[in-house]
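Please open the structure below in a viewer and keep the sequence to hand. The tour goes one selection at a time.

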Amino acid sequence: MTASIHYLRPYHEARLDDIPLIWKQPNAETGESPTGITIHIPDFGQRREDTVQLLELIAGTGRVAVSLDLHRHGARRDRDFPELVDAVREDYARVLWTLLGETILDLPTIATWARHRFGHLPLTIEGLGLGGDIALAAARMISDVDDVTVIGGSASWAALLPGFETLTGRPDTRAQVFRQILEPMAHAGDYANMRIHFVRFHDDDRCDANDRFKSLVLNHAQGGGGQIVTTTLRSARAMDLHDASVWWPHVASHAA
C-alpha cells in the first residue's frame with residue numbers, strides 16, 4: 001500500500017492508495033506516545049473534513065483519531081451529493097448496498113496502515129449513522145478490535161436511512177453479494193466475543209433491528225469476553241447528530 005501525506009494544521013491528511021484519510025495525533029506538544037487508535041466512519045453525506053471536531057475530542061483522550069471519505073463522498077465523489085441522494089432514492093438496494101460494501105472493504109486496509117504507522121495499539125472502530133453500519137460490518141474483518149461503537153446505525157441493511165421511506169430497486173449481483181458476505185445480521189456468530197456499544201435514540205426505527213441482532217449474538221456467546229451495551233438518548237429529531245457533542249459524552253465514557 002502507498003500513502004501520499006500532506007501535513008495541515010490542526011490535522012493531517014493522506015491518500016492511502018485511493019482512500020482519502022484525515023487524522024489527528026494526540027500529545028503533539030508533549031511528545032507522549034498515544035494510548036490507542038480510533039477509526040471514526042462518517043455518516044452518509046459527511047466528508048472527512050466534517051469530522052474534525054470529533055477528531056479533536058478523540059485526540060484529547062490520548063488516542064490517534066482517523067477518519068475517511070466514504071465511497072462517492074468528499075474527494076471520492078463522482079457527482080454532487082444531491083444527485084447521489086436521488087440515485088439512492090430511486091435504487092436504494094443497488095446504490096446504497098454497493099456504497100456500503102465498497103467502504104467496508106476499505107477498513108482492513110486502514111487498520112493495517114494505522115497499526116503500521118502508530119504501533120499495534122488498542123483499536124476502536126466507531127461510526128455515525130451509515131458509518132455505524134460500516135463500523136459494525138467491518139469489525140469482524142479486522143483482528144484484535146478492542147471495541148465497536150455504533151451511533152444511530154443498524155445491523156440490518158434493510159433498515160432505511162433517515163429521509164428514505166421505501167427500499168426501492170433491486171440489488172444487482174455485486175450489491176447482493178456485498179450484503180450476503182458483509183451484513184452483520186447474517187453473521188451474528190462472528191460477534192459473540194466482541195465488545196459493542198450501540199448508541200440509539202428514542203423514536204429511531206432504524207435501530208430496532210439491533211435488538212434482534214443482540215439476541216442472535218447472545219445465542220452464540222458461550223461465556224467469552226464479549227459484551228453488548230446499549231445507550232438510549234432522547235429523540236434525535238431536535239438534534240444535529242453531526243454535532244459530536246450531542247452523543248460524544250456517552251461514547252467517551254462507555255465501558256462496553
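The stops below cover a strand and its partners, a helix, a buried arginine and two loop residues in this predicted model.

**Stop 1: strand E7**

Select residues 145-151, which form strand E7. Is this strand mostly covered or mostly open? It is mostly covered, with 6 of its 7 residues buried.

Now add residues 123-128, strand E6. E6 and E7 run parallel and are joined by 6 bridges. To find the register, show Thr124, which stands opposite Asp147 in E7. Then follow the chain from E6 to E7: it passes through helix H5, residues 130-139, and this β-α-β crossover is right-handed.

**Stop 2: strand E8**

Keep E7 and select residues 195-201, strand E8. These two strands also run parallel, with 4 bridges joining them. Which residue of E8 is the bridge partner of Thr149? Display His197 to see that partner. Helix H6, residues 173-182, completes a right-handed β-α-β unit with E7 and E8.

**Stop 3: helix H6**

Stay on H6 and show the side chains of Ala175, Phe178 and Leu182, which are buried. Turn the view to look down the helix axis: the buried residues of H6 fall within an arc of 60°, so they line one face of the helix. The general rule behind such a pattern is that an α-helix has 3.6 residues a turn, so residues three or four places apart point the same way. What do the buried residues of H6 pack against? Colour helix H3 (92-104) and H5 to see their packing partners.

**Stop 4: Arg115**

Move to helix H4, residues 107-118, and pick Arg115. Arg115 is buried yet has no salt bridge. Its nearest side chain of opposite charge is Asp144, 5.0 Å away; the cut-off for a salt bridge is 4 Å. To see the surroundings, show the contacts of Arg115 beyond four places in sequence: Ile37, His120, Leu121, Leu123, Ile142, Ser143, Asp144 and Val145. Of these, Leu123 belongs to the E6 range you selected earlier, and Val145 to that of E7.

**Stop 5: two loop residues**

Go to the loop between strand E2 (12-16) and strand E3 (19-24) and select Asp17. Asp17 is not a glycine, but it has a positive phi of about 55°. Is Asp17 buried or partly exposed? Its relative accessibility is 38%, so it counts as partly exposed.

Finish at Arg72, in the loop between strand E5 (63-68) and helix H2 (81-90). Arg72 is another non-glycine residue with a positive phi, here near 65°.

Key:
Residues are numbered from 1 along each chain as its sequence is written. This is a predicted model: local features need pLDDT of at least 70, side-chain atom pairs count only at pLDDT 80 or more; totals for chains, interfaces and linings use all residues. Side-chain values use heavy atoms; hydrogens and water are left out. Buried means under 20% relative accessible area, exposed over 50%, partly exposed in between (1.4 Å probe, protein chains only). Two strands pair if DSSP finds at least two bridges between them. A crossover is right-handed if, with the strands pointing away from the viewer, the path from the first strand over the helix to the second runs clockwise. Lys and Arg count as positive and Asp and Glu as negative; His and the chain ends are not counted. Contact means heavy atoms within 4.5 Å. The arc is that of the directions from the helix axis to the C-beta atoms.
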